[in-house]
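Got the viewer open? Let's walk through it stop by stop, selecting as we go.

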Amino acid sequence: MKYRIEKYIRMKDIKIWRSILRGPIRITTTLEDETVVEKPIEHYTDEDFEKIEEQEIALATLTMALSPEIPKGFREYTSAKALWEAWIEVYEGNEDMKQSRQDMLRQKFNMFNHILGETLEVQLQRFMTLATEMSSAGVSVPRSEVNKKLLNSLPKAWDMNVAVIKKTKNLNLLSLAELMAIIKVCDLDDR
């Protein structure tokens with residue numbers, strides 16, 4: 001989730017993204033005695049207002065990024081940076097939680113197999129979802145291992161096709177998308 005929101009905001013408006021990372025801006029002025037104080041709003045320049053608006057747009061963008069029921073728990077946050085950091089803590093977790101998630105995903109990967117009655121399309125989609133989750137969680141698995149896992153998880157009826165694919169294709173160079181396309185072509189040919 002974090003990566004999708006971050007990518008969306010960065011693509012939409014890099015100023016908003018920088019505003020989230022930078023945190024709340026205080027509009028200040030320096031008095032004659034070198035004391036720095038909050039600038040009265042009646043003395044704001046157009047540039048000062050733009051900075052404040054940028055912060056408000058960043059907060060509004062984050063608030064609208066999730067479904068309506070989720071932001072209710074985050075209403076106490078008044079800056080985009082604080083809200084972003086709270087989301088990271090809740091949804092990404094601390095290092096122990098991240099490690100547990102990675103371990104769980106590795107286990108799911110190791111145990112991935114065809115489910116009786118499942119269509120090929122559903123199995124491929126399930127595998128792609130798992131591979132995407134692993135990538136997002138920072139679990140790196142060599143390309144050849146991912147490809148072999150997918151091929152080895154296909155139903156028994158696919159044994160001949162799997163053997164041909166393994167012999168004719170370099171699984172170290174083949175992307176997962178390319179392998180899935182090959183599998184779909186074999187499926188169409190077998191019909």
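**Stop one: a salt bridge to start**

Select Arg126 and Glu118: their side chains meet in a salt bridge, 2.8 Å from N to O. The term here means a side-chain nitrogen of Lys or Arg within 4 Å of a carboxyl oxygen of Asp or Glu. Before going on, note that this is a predicted model, where local features need pLDDT of at least 70, side-chain atom pairs count only at pLDDT 80 or more, and totals for chains, interfaces and linings use all residues. Residues are numbered from 1 along each chain as its sequence is written, and side-chain values use heavy atoms, with hydrogens and water left out.

Now colour by accessibility. Buried means under 20% relative accessible area, exposed over 50%, and partly exposed in between (1.4 Å probe, protein chains only). Glu118 is buried at 14%, while Arg126 is partly exposed at 27%.

**Stop two: helix H5**

A search of the whole structure turns up 11 salt bridges, so there are others to visit. Go to H5, residues 95-111; helices here are DSSP runs (H or I, at least four residues), numbered from the N terminus. Pick Lys98 and Glu95, whose side chains form a salt bridge at 3.6 Å, N to O. Both sit in H5, three residues apart, about one turn of the helix. An α-helix has 3.6 residues a turn, so residues three or four places apart point the same way. Glu95 is exposed, with a relative accessible area of 58%, and Lys98 is partly exposed at 30%.

Next, add Lys108 and Glu133. Their salt bridge has its closest N and O atoms 4.0 Å apart. Glu133 is in helix H6 (residues 120-136) and Lys108 in H5, so the pair ties together parts that are 25 residues apart in sequence. Both ends are partly exposed: Glu133 at 26% and Lys108 at 42%.

**Stop three: helix H4**

Select residues 80-92, which make up H4. From first C-alpha to last, this 13-residue helix reaches 17 Å, close to the 18 Å expected (1.5 Å times one less than its number of residues). Which H4 residues are buried? They are Ala80, Leu83, Trp84, Ala86, Trp87 and Glu92. Step just past the helix to Gly93, which takes a positive phi of about 80 degrees.

**Last stop: Ser144**

Jump to H7 (residues 143-153) and pick Ser144. At 15% relative accessibility, Ser144 counts as buried. Leaving aside neighbours within four places in sequence, Ser144 is in contact (heavy atoms within 4.5 Å) with Leu171 and Asn172. Finally, draw a distance from Ser144 to Leu176: their C-alpha atoms are separated by 9.3 Å, with these positions 32 residues apart along the chain.

Terms used:
Helices (H or I, at least four residues) and strands (E, at least two) are DSSP runs, numbered from the N terminus.
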